[in-house]
Amino acid sequence: MAGDGIAVRSGLRLTTARFLRDRVAVAGLAVFAFVAAASFGGGPLLSSLLGHNGFTQFPYAVVDTGTGLRPVGMWSRVPTTQQVRVDNYGGTLPAPKNASTTLLIAGADGPLGRDELIRVLDGGKASLEVGLGAVLVAVLIAVPLGSAAGFFGGAVDSVVSRLTETLMAFPLVLFLVFASVRLSPTLRPIGWGRVIPSGVPMMALLIGIFTSFYPLRLVRAQLLGLRSAEFVEAARALGSSSVRILRSHLLPHLVPTLLVWGAVAVATNMLLEVGLSVIGVGVQASTATWGSLLATTTGTIYFASPANTQNYTIWQTLFPSLAILVAVVSLNQVSEGLRRALEPRDLA
Amino acid sequence: MTRVGARLLRRAATGLFVLVAMPTLTFCIYWAMPEEPGRFIYPFGFQTTRFELQDGARRLGADRPKLDQYASWWWHLLHGSFGNQWGGATLNDNRLIFSPIAPTLDPAIRETLCLLVGGTLLVVLLAVPLGALAGRSVGSLSDRVISLLALVGVCVHPIVSAKLLTTFVGAHARFIPAGGYCTFVRHAPPPPAPGQAAVAAVCGGPVDWFTHLLLPWTSFALLFLALYTRMIRASVAETVGEDFVRSARAKGASEARVLARHVLPSAAPRVLTMVGMDIGTAIGVCVFVEYAYGFRGLGRLAVYAMAGDPFVGALDLPLLLAVVTVITAIIVLGNLAADTLFTVVDPRVRPSERAGRTKAIAAGVM
């Protein structure tokens with residue numbers, strides 16, 4: 001049955017049909033697809049439309065309040081002048097009248113005066129990459145280890161189980177802080193241009209390693225139940241090796257579980273990234289992520305500045321928060337919908 | 001001795017073992033890493049010479065035999081002191097002036113305990129009625145609204161909720177401060193220097209304490225409120241159809257009494273098990289809540305201790321040990337308290353659960 005192409009496709013088709021009938025889940029998927037498209041394509045698109053990118057600094061996009069620099073609010077036209085004119089006493093003069101201007105749709109992001117909207121979109125790219133990459137790392141660790149533990153049992157199982165129990169009770173945040181500070185000199189520079197900002201692979205790797213215990217337990221539990229199933233016995237009676245049974249008979253059974261977990265894990269990984277960036281041990285500060293954008297108002301834990309409402313706008317908090325909320329809620333709905341669509345097979 | 005008493009005693013012994021094991025592990029991990037404690041005395045970048053580093057380690061006492069350091073740390077701890085931290089040690093006239101850990105640690109513990117205990121109370125006070133209301137009539141409007149709120153609560157990072165609360169409530173509603181912590185007891189302001197105006201009163205006292213903690217408690221509670229409401233809802237939903245509940249209704253008990261006396265008690269063991277396992281997570285959440293509200297609590301201190309001093313670039317072993325020990329103690333004591341309550345609500349001993357949870361505590365703070 002499992003190797004039969006038609007049967008597998010019809011199962012997939014049934015599941016897809018069930019998923020598509022679930023309106024909440026489809027809406028979640030649509031919202032998440034929009035968030036992902038905006039994150040990966042929105043930044044470059046807006047940059048080419050507006051003529052500046054998320055790294056361009058506009059000195060005239062900030063207002064001197066006397067206690068600091070307050071970024072301009074939503075829908076502001078600011079001069080593109082890169083040099084601030086000062087009078088004889090060091091005070092700033094207004095920009096020349098004929099200076100060309102550019103539009104900051106969501107205002108500026110902080111004292112440096114960069115485009116908040118483009119940075120939120122670029123930040124979404126980095127955050128999503130961390131979330132997806134960490135899931136990938138976790139699956140790569142969890143599937144071999146969990147299969148070995150669940151399928152072979154015995155000593156392998158007890159070693160792996162003790163290991164996961166140790167990891168599971170970890171206050172994850174403190175351990176990630178410890179690991180990323182120790183490893184950042186070697187791992188942080190890894191990246192690939194603007195596509196994968198440096199620091200993102202490090203976060204994906206660390207978060208993936210320390211969250212892999214969860215899929216590992218799922219895989220192990222599933223294989224514990226399946227290893228004495230009739231079709232496994234049949235395969236063994238036909239002379240299949242353990243590796244073959246695992247690869248072609250048991251791995252397909254793991255896909256639904258891992259899909260349901262993966263959708264919600266992308267969301268939790270993004271939340272972890274937010275936390276670590278805000279602590280100040282995540283992706284480096286010049287790279288926009290949703291976490292580092294949230295940290296612009298009060299600084300990271302290392303360089304905390306008192307919340308002075310004069311020097312920031314509510315948009316700096318609102319846009320990244322909304323982006324995180326929308327992405328995480330939609331991913332949760334997708335995961336729930338997947339679970340509902342796949343449940344009949346799980347119960348069988 | 002009763003079986004319950006023996007069980008609690010065993011749990012206390014496990015807790016004690018964990019309390020001994022965690023600092024020991026911290027020592028071992030620290031010594032396995034290439035750390036240079038001498039940097040705390042001569043912190044100026046890369047020009048530090050080998051001799052200076054050795055001299056610094058000698059002055060800090062970090063060059064003594066490892067067993068000696070380990071034993072003296074326990075000796076000091078059993079005398080009620082975490083000793084001196086390495087950070088802030090200054091060389092003055094060829095004499096080393098240490099700064100003790102206690103003045104940093106004690107207020108941090110107080111702040112975090114206020115946050116933890118108050119937040120937990122808030123969670124319990126809200127999650128039980130909300131969960132009961134939602135679980136009593138699954139699919140009704142109130143159930144859907146509560147489930148939606150729970151979903152949003154699960155999806156919101158404490159940082160995000162704290163940021164939104166400080167931005168929209170704290171910064172604009174003047175009666176609730178946006179950040180900072182006030183002590184419960186008001187300390188008298190220092191007497192003004194002669195010829196100067198009196199210093200404004202330092203914030204403090206029960207009212208200031210309460211208003212300053214209101215928003216942090218809310219942020220802390222939001223995440224756990226969602227988790228616990230969902231759990232209580234599921235438990236109530238599956239108990240409400242049981243025979244004994246129907247019997248209670250048939251005997252004429254009011255709906256409130258049925259819920260309070262017959263339905264909710266069956267959720268209590270699960271809630272307590274979850275509380276015991278969530279204490280570690282709660283300390284992780286405290287890190288963010290404390291940061292967002294400008295507290296100087298234990299979570300923040302733990303981040304500093306784990307990350308090392310950013311200006312020195314080295315780990316402060318005494319501070320790290322103190323933080324690990326205190327967090328372990330909180331987790332162990334919290335588990336013990338949850339366990340004691342567990343035996344009150346459900347005196348049956350369940351050996352299978354016990355084994356799993358002991359492991360969970362053991363790995364608590366590593």
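What is the mean pLDDT of chain B, and what percentage of its residues reach 70 or more? This is a predicted model, so that's a fair place to start. The mean for chain B comes out at 81, with 87% of its residues at 70 or more. For the complex, the predictor gives an ipTM of 0.78 and a pTM of 0.83.

Confidence isn't spread evenly over the elements of chain B. Helix H3 (residues 66-78) of chain B has the highest mean pLDDT among them, 93, and helix H13 (residues 351-362) of chain B has the lowest, 38. Over residues 351-366 of chain B, pLDDT stays under 50. The model still gives that stretch 32 contacts beyond four places in sequence. Where pLDDT is low, though, the predicted coordinates shouldn't be read in detail.

Now for the domains of chain B. Both are written as two segments: domain 1 takes in 15-100 + 308-345, and domain 2 takes in 105-187 + 201-293. Measure from centre to centre over C-alpha atoms and you get 35 Å between domain 1 of chain B and domain 2 of chain B. Where they touch, 13 residues of domain 1 of chain B are in contact with eleven residues of domain 2 of chain B. What kinds of residue does domain 1 of chain B bring to the side that touches domain 2 of chain B? Ten are nonpolar, two are polar and one is charged.

Over to chain A, where the assignment gives domain 1 as 59-104 and domain 2 as 116-346. Here the domain centres, again taken over C-alpha atoms, are 41 Å apart. Nine residues from domain 1 of chain A and eight residues from domain 2 of chain A make up the contact. If you're looking for one element to follow on the domain 1 side, try strand E2 (residues 69-71) of chain A: its three residues are the largest share of the side that touches domain 2 of chain A. By class, that side of domain 1 of chain A has four nonpolar, four polar and one charged residues.

Stepping back to chain A as a whole, you'll find eleven helices and four strands. Along the principal axes, the C-alpha atoms of chain A fill a box of roughly 90 × 45 × 30 Å. How much of chain A counts as buried? The figure is 45% of its 348 residues. As for how the chain A contacts run through the sequence, take those between residues at least 6 apart: 72% of them join residues at least 24 apart.

Notes:
Residues are numbered from 1 along each chain as its sequence is written. Chains are lettered from A and ligands numbered from 1 in the order in which they are written. This is a predicted model: local features need pLDDT of at least 70, side-chain atom pairs count only at pLDDT 80 or more; totals for chains, interfaces and linings use all residues. Domain bounds come from an automatic or database domain assignment. Two residues are in contact if their C-beta atoms, placed from the backbone, lie within 7 Å. Ala, Val, Leu, Ile, Met, Phe, Trp, Tyr, Cys and Pro count as nonpolar, Asp, Glu, Lys and Arg as charged, and the others, Gly among them, as polar. Helices (H or I, at least four residues) and strands (E, at least two) are DSSP runs, numbered from the N terminus. A residue is buried if 20 or more other C-beta atoms lie within 10 Å of its own, exposed if 12 or fewer, and partly exposed in between; C-beta atoms are placed from the backbone. pLDDT is the predictor's confidence in each residue, from 0 to 100.
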